[in-house]
Amino acid sequence: MKLSVIRLKGQCDRRIKAGHQWIYSNEINTDATPLKQFHAGDQVIVESANGKPLGVATINPATLICARLISRSVDVLLNKSTLVHRLKIALSLREGFYPAPYYRLVFGDADGLSGLVVDRFGDILVVQISTAGMERVKSEIVEALQEVVRPVAILMKNDGKMRDVEGLDSYVEEAFGHVPEVVYLQENDVLFQAPVWYGQKTGWFYDHRENRKTMQTFCSGKRVLDVFSYVGGWGVQAAAAGATDVTFIDASQAALDHVDANLALNQFEGNANLMHGDAFEAMSSLIEEKQRFDVVIMDPPAFIARRKDIKAGEGAYHRANQLAMRLVAKGGVLVSGSCSMHLETNRLHDIIRSNSRQLERFSQLIYRGTQAPDHPVHPAIPETEYLKALFYRVHNNMGL
């Protein structure tokens, strides 16, 4: 395959040379290499301003992130061979951490496969493609997964928001075999069913695995509140760890139905309270009822999706965590999570500090968590490090 070339403007190769893999449209010398000559998903050779080859990338001339580096060699293209090689490397990492086949197998840029996410549920794989470059090699992805993992079925869950940005259609379909409406998984020795066809993202969030394991140590004999519970990833694990009373809050009744099923899977015999509705309103109602919980888990959706959302998003995090802190019993634990890449860990900590002062609480940071190792961080791509979980012990003011 003879590839066309895109040439970068002067000094615009610095980030690529430092290890990043994204090229923005304003970094391309469009006089020398007009973008209109390319189609979304094409593979191109990337050159510096002086004509030195930097590697091969996929391109989408209609997007801000215009090109994504595949390889730093002009001889390595995005094809089945490359996919098989990188899938084998990704698989070896996961198998080193997890003896059971339940994990994120591919995490996009951090695994050298920008625009591709694969979650594994035993013999079933759920694939999300978010870029035109990856969509172009969809059949090769399926073939490579069959060769490396040998699953019984593959679901294409291609309905993410990024596809709109890339100009791609939204669809959910079986690429191979039969995928049931729900699949089963095990996390921290707890059983779950995940709604892969109709649930959020791939149907499950493996990223908080280690943080949930830490949370379990605080739950035996305790009263727990799981806010934005989805299908119960946090709260069901709290129940399995010995919590006697667990309350779940979610805006989706379908998600709460899965919570109920997941509690039954783990034979929970304690008290479970499923609250359907807006999380802010539900927490306010619990405060009015003077309810208090030994462990409160606040793991909301991303309130900050883009940089322009930072101010409003930080306000939402402040309000949510303030309500959550008011529900923590004396000496209890607040777990504050965020999946917003644009909210730095220290900023979330500052929000909790501010809430502590406003509510006259004495809070102690006792644990800092991040994403599990099946969501590795690329050291040159800060966008791959997005998850945080801060655990606080909360007391009355103590005069401090």
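These legends describe close-up views of a predicted model.

**View 1. Helix H2 and its N-terminal cap.** Helix H2 covers residues 80-97, 18 residues in total. From its first C-alpha to its last it reaches 26 Å, close to the 26 Å expected at 1.5 Å a residue. At the N-terminal end, Asn79 acts as the cap, with a side-chain oxygen 3.2 Å from the backbone nitrogen of Ser81.

**View 2. The buried residues of helix H2.** Buried in H2 are Thr82, Leu83, Val84, Arg86, Leu87, Ala90, Leu91 and Arg94. An α-helix has 3.6 residues a turn, so residues three or four places apart point the same way. The cover over the buried residues of H2 includes three strands, S5 (65-71), S6 (102-107) and S7 (116-121). Helix H4 (138-148) is also among the elements that cover them.

**View 3. Gln43 in strand S3.** Strand S3 spans residues 42-47 and contains Gln43. Gln43 has a relative accessibility of 14% and therefore counts as buried, the cut-off being under 20%. Its side chain reaches the backbone nitrogen of Leu78 at 3.0 Å. Not counting residues up to four places away in sequence, Gln43 touches Leu3, Val56, Ala57, Thr58, Ile70, Leu77 and Leu78. Leu78 thus appears both in this list of contacts and as the partner of the Gln43 side chain.

**View 4. Helix H6 and its buried residues.** Six of the eight residues of H6 are buried, so this helix is largely enclosed by the rest of the structure. The buried residues are Arg209, Asn211, Arg212, Thr214, Met215 and Gln216.

**View 5. The surroundings of Arg212.** Arg212 lies in helix H6, which runs over residues 209-216. With a relative accessible area of 4%, Arg212 is buried. Leaving aside neighbours within four places in sequence, Arg212 is in contact with Glu187, Asn188, Trp204, Phe205, Gly233, Trp234 and Gln237.

**View 6. The packing of helices H9 and H10.** Helix H9 (residues 279-288) packs against helix H10 (residues 310-326) at an angle of about 30 degrees, and their axes are 9 Å apart. H9 is therefore roughly parallel to H10, as angles under 35 degrees count as roughly parallel. From H9, the contact is made by Phe280, Met283, Ser284 and Ile287. H10 contributes Ala316, Arg319, Ala320, Leu323, Ala324 and Arg326 to the contact. The two helices, H9 and H10, have a left-handed crossing.

Conventions
Residues numbered from 1 in each chain as written. Predicted model: local features only at pLDDT ≥ 70, side-chain atom pairs only at ≥ 80, totals over all residues. Heavy atoms only, no water. Helix = DSSP H or I, 4+ residues; strand = E, 2+ residues; numbered from the N terminus. Expected span 1.5 Å × (residues − 1). Buried < 20%, exposed > 50% of the residue type's maximum accessible area, 1.4 Å probe, protein only. Contact = heavy atoms within 4.5 Å. Polar contact = N/O pair within 3.5 Å; in protein donor to acceptor, adjacent residues only side chain to side chain. Axes fitted to C-alpha atoms, helices over the stretch in contact; angles between N-to-C directions. Parallel < 35°, antiparallel > 145°, perpendicular 65-115°, else oblique. Left-handed = near helix turned anticlockwise from the far one by under 90°.
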